[in-house]
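Please open the model in your viewer and keep the sequence panel beside it, since each stop on this tour begins with a selection.

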Amino acid sequence: MQEHHTIYFKDYTPSPYTVLTCTLEFIIENSSTRVENIMEIVRQDPEAKELRLDGEMLDLELLWVDDILYTEDMYVKDESSLTLSLDRDHARVRIINRIYPDQNTALEGLYRSGGIWCTQNEPEGFRRITYFIDRPDVMTRFTTKIIASKERCPVLLSNGNLRGTATLDNGKHLVLWEDPIPKPSYLFALVAGDLGSIHDTFTTMSGKRVDLAIYCDHGNENKCSHAMRSLKKSMEWDEYTYGREYDLEVYNIVAVDSFNMGAMENKGLNIFNSHYVLADEETATDNDFMGIESVIAHEYFHNWTGNRITCRNWFELTLKEGLTVFRDQCFSADMNSPLTQRLDDVRALRERQFVEDAGPTAHPIKPDHYIEINNFYTATVYEKGAEVIRMMHTVLGSEKFRYAMDYYFEHFDGKAVGTEEFLSAMESQSPVDLTQFKRWYSQERTPVLKVSSDYRADAGELELTILQTIPKNTKNGEQLPYALPMRIALLAPDGSEYPLKTDEVTVLHEDILWLEKEEHKIIFKGIGEPPRLSLNRGFSAPVIIDCHQIEYPFLMMHEQDGFVRYEAAHQFGIETLESMMAGDAADERYLESFGAILRDSTIEPMFKSQILELPTITTLMQRQKVIDVQAIFKAHEELKQILASRYRNELNSAIEYLYEPSNTSIDGESMGKRSLKNRLLSILMSLQEESISYLCLDHYREAHSMTERLAALDLLENYAPHLVSEVLEHFYNRYKEQTLVMNKYFTVRASSRREGTLERVKALQDDPAYDKKVPNLVRSLIGAFARNPVAFYHPSGEGFVFVADKVIEIDALNPQIASGLAGAFKNYSKLSTEQKTLMGTELERIKNHPKLSNNVFEIISKILEVR
């Protein structure tokens, strides 16, 4: 059995040595790659006597220290390191080793994707390229020479600026890249292959020209234009919003099909999952276009929040990721609709991070231990981390937050720092003490705020009681109250707002309560009539509100804050569905409120689509003590049928009005119309009537955009099985050579709520378009099935067996993807006795597998700890 060791934050110490410069030479051949690595080593700890270099899966050929060739008895080499005596302040270490990119199915380090050689080094992939002090607090200037066949690899890219090219004998050529800016090894990148490209330029605010290029497989160049536009908008936005200018002569992006992550911010050479680069109306949905814009921006913004200022150690990952997610969310809000973006952010947080925070793998945004750091690229570190940054932005206000960010950039540029340094920058401008606020970095779980109110008509006062409840952590330990900003309003009967007059608590920016105590009793004066409560406006804090005095119909019709209006509809829908699961009829007030929103022509289509969305099955699962997916699904479909029957005429009229099959524009209005049309059609399709099914079939056939085509395909798959076979065959034959579209095809099939989904998914594994070595395809077929609650939680337990089989199988190829699949079992402790027994058997089978990776072991063992 493999040993699994835990790494603790308390054990962190600075590296005793650092690497000032690193000169690399890669000779890329068909079967292997030769790497020469010359490092200028400097001792930082005077007491240090041994230099330990990280290295995995490397064939060491030669080693010199200050021109002395070392023999095997002069160093110690094991599976993860190379150690040698080094009792001096400066040394020149030269290493020649060989690696085998074709055999690298884990896709960490240098690997081959089709005919392209590329790298992925975050967090610890560089040690699979050559021996190095592979940690983020060692910042080095890299120079890289690449030698390869000119015919097979006409494109040779690395970090920094191009400094030379040459044609060599035997059909080879070389390219020399120099990065003048120190960076940690996880930001090193290399790409070699035969690629197509598009090019553009950007002029910075100081007048410097930057050459821009996006590389992709030949034939996909026409799908890169949206990504290029997004890049230029990102560069302009960062200059305007944060005063941050790009610092190299070139900015390159490469799209590859086989990539474990979404994208990687390597300095000057971003490597992207092709899903987040390639798009046109024929093959990409509206969500794809928006996702590309967001991820392109995210990786560009890392240039300052991640690259020039990086994290000191991997426990501090949220320092760069939470901050950069916040920045890309703000960018997307400015480029599109702030309200739409905010609602998308909140929905994603609740669907992914709230589930994570409530389960056995919950952890703080700054964890204090891990077995495998790859398991902490999570919604908690990223999305909850962004919400923590947003709370500071809310407290400081836009102007002071910008001042604080300027302080951060000016004081810590070129350094590897921790969250303490970032918080010190925020504290320099904060109107309140942030000491207690720092608990957001060290505590886990989602706080619950229990809110009640008591109106006193004789005094014209409202007493608002807010009780903060913090669930115990995963070790069953007590946790302390948070400090947080809570934006609220007290609404008069006409929807106007009463001024917040109180001496009980600090009020920031007129409408934000600064909450620090476990319990607050706040008296508001000058309240003429009983007010309606509007709580957590704009989702000002990532908390759960528990209040039984919220008037949902009133807020759905009169609230001016878009989030609270959406939230009223969402919570009203949850309560209605839960009462239906308990045997009650659908709440008539909810049905009427739904109809009023549907008929309101003043609401923008995208917001109407969001506000009319029923709560998801996953949302309702979170609220159950014992999960019953079948009951949720039954109530969900029943409510859709009731709404479809009652508002059939309105739904048909709205669909006809909104339907513009030839409109493929991605402006906000056009995307909103498509979103709303498809939302309403999904409600009608629940009736499973022939005329509606054929209407949906017409929408598929007439579609000009992938958004329309895919939405119709999904509805036909779930509600019209007698029609869908022909449509699936048509879709498959049209797109079978396009991997990105086949990802969508597999997802539709694996997400189906019809009986027999598991059998169909098993059969699709033998489809020529599927390849278990390609992460996107695994996520699209196996991952989509694991996220399909109706199929995965089937009473037979066969879904558990299948996913467990796949976790073990994929773990042997790519542990990072396997651990992602293993997360499907996180609800183990909330299952019924029968289902828990079935799932428990599979969890033990995975855990006891003799060659289980650290990645999967850590996830499965945490799930089994909570029984």
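## Around strand β19

In this predicted model, begin by selecting strand β19 together with strand β21 (residues 269–273), which pair in the parallel sense over 5 bridges. To look at one of these pairings, pick V256, whose bridge partner in β21 is N273.

Next, add strand β18 (residues 209–216), which runs parallel to β19 and is joined to it by 5 bridges; here I253 of β19 is the bridge partner of I214. If you then bring in helix α1 (residues 225–242), you will have on screen a left-handed β-α-β unit made by β18, α1 and β19.

Now keep β19 alone (residues 250–256) and show its side chains: 7 of its 7 residues are buried. How are the two faces of β19 covered? On one side V250, N252, V254 and V256 are buried, and on the other side Y251, I253 and A255 are buried as well.

## On to D357

For the last stop, move to helix α4 (residues 338–358) and select D357, which lies within this helix. Is D357 buried or exposed? Its relative accessible area is 1%, and because the cut-off for buried is under 20%, D357 counts as buried.

With D357 still selected, display the side chain of T446, with which the side chain of D357 makes a polar contact at 3.1 Å. Extending the selection to the contacts of D357, leaving aside residues up to four places away in sequence, brings in A362, H363, K384, E444, R445 and T446.

How values were computed:
Residues numbered from 1 in each chain as written. Predicted model: local features only at pLDDT ≥ 70, side-chain atom pairs only at ≥ 80, totals over all residues. Heavy atoms only, no water. Helix = DSSP H or I, 4+ residues; strand = E, 2+ residues; numbered from the N terminus. Buried < 20%, exposed > 50% of the residue type's maximum accessible area, 1.4 Å probe, protein only. Polar contact = N/O pair within 3.5 Å; in protein donor to acceptor, adjacent residues only side chain to side chain. Contact = heavy atoms within 4.5 Å. Pairing = 2+ DSSP bridges. Right-handed = clockwise from strand over helix to strand, strands pointing away.
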